[in-house]
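Here are a few short exercises on helix packing and burial. Try each task with the model open before you read its solution.

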Amino acid sequence: MSVMRPELIMKSIIPVVMAGIIAIYGLVVAVLIAGVLDAPPKYTAYKGFMHLGAGLAVGFSGLAAGFAIGIVGDAGVRGTAQQPRLFVGMILILIFAEVLGLYGLIVAIYLYTK
């Protein structure tokens, strides 16, 4: 992109930033869970499995969102280089892909509070 259309470089970074936000969701859940870890008598198996479920929820949804953002970002940036009007459509689809990770974060926080 920087060789063929240097004026579109900043628009090409948006999928990378959105993928980075997915990683922040996992970091938030990890910090929340790490803050309540105790020794085994106080930390029950129930809490452990709930925290495992929270981590898996945010992890797998982040994985799916990352795949979607990667595929849409690749095709969208290449398409925007050829036809700049595709940019708005790419952003809309990227937002829908990002919401997959947000759903996982919501489920993880719900499981964390149980």
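A residue counts as buried when its relative accessible area is under 20%. Keep in mind that this is a predicted model.

**Exercise 1. Find which residues of α4 are buried, and what covers them.**

Solution. Start by applying the cut-off along the helix: Phe87, Met90, Ile91, Leu94, Ala97, Glu98, Gly101, Gly104, Leu105, Ala108 and Leu111 are buried. Next, recall the geometry: an α-helix has 3.6 residues a turn, so residues three or four places apart point the same way. Finally, look at the cover, which includes α1 (9-12), α2 and α3.

**Exercise 2. Check the span of α4 against the value expected at 1.5 Å a residue.**

Solution. The expected span is 1.5 Å times one less than the number of residues. With 27 residues, α4 should therefore span 39 Å. The C-alpha atoms at its ends are 39 Å apart, which agrees.

**Exercise 3. Work out how α3 is oriented relative to α4, and then relative to α2.**

Solution. Take α3 (residues 45-82) and α4 (residues 87-113) to begin with: their axes are 8 Å apart, at an angle of about 175°. Angles over 145 degrees count as roughly antiparallel, so α3 is roughly antiparallel to α4. The residues of this contact comprise 20 nonpolar, eight polar and one charged.

Now turn to α2 and α3, whose axes come within 8 Å and cross at roughly 175°. These two helices are therefore roughly antiparallel to each other as well. Their contact has 12 nonpolar and five polar residues, and no charged ones. On the α2 side, the residues include Pro15, Met18, Ala19 and Ile22; Ile69 and Gly73 are among those they meet in α3.

**Exercise 4. Locate the largest nonpolar core and place Ile69 in it.**

Solution. The core has 19 residues, and Val29, Ile69, Met90 and Leu94 have the most contacts inside it. The elements giving two or more residues are α2 (14-34), α3 and α4, with the largest share, eight residues, coming from α4. Then list the neighbours of Ile69: leaving aside residues up to four places away in sequence, Ile69 touches Pro15, Met18, Ala19, Ile22, Leu94, Ala97 and Glu98.

**Exercise 5. Is Ser61 buried or exposed?**

Solution. Ser61 lies in helix α3. Its relative accessible area is 14%, so Ser61 is buried. Beyond residues up to four places away in sequence, Ser61 touches Leu56, Leu100, Gly101 and Gly104.

Technical notes
Residues are numbered from 1 along each chain as its sequence is written. This is a predicted model: local features need pLDDT of at least 70, side-chain atom pairs count only at pLDDT 80 or more; totals for chains, interfaces and linings use all residues. Side-chain values use heavy atoms; hydrogens and water are left out. Axes are lines fitted to C-alpha atoms, for helices over the stretch in contact, and angles run from 0 to 180 degrees between N-to-C directions. Helices (H or I, at least four residues) and strands (E, at least two) are DSSP runs, numbered from the N terminus. Angles under 35 degrees count as roughly parallel, over 145 as roughly antiparallel, 65 to 115 as roughly perpendicular and the rest as oblique. Ala, Val, Leu, Ile, Met, Phe, Trp, Tyr, Cys and Pro count as nonpolar, Asp, Glu, Lys and Arg as charged, and the others, Gly among them, as polar. A nonpolar core is a set of buried Ala, Val, Leu, Ile, Met, Phe, Trp, Tyr and Cys residues joined through side-chain atoms within 4.5 Å. Buried means under 20% relative accessible area, exposed over 50%, partly exposed in between (1.4 Å probe, protein chains only). Contact means heavy atoms within 4.5 Å.
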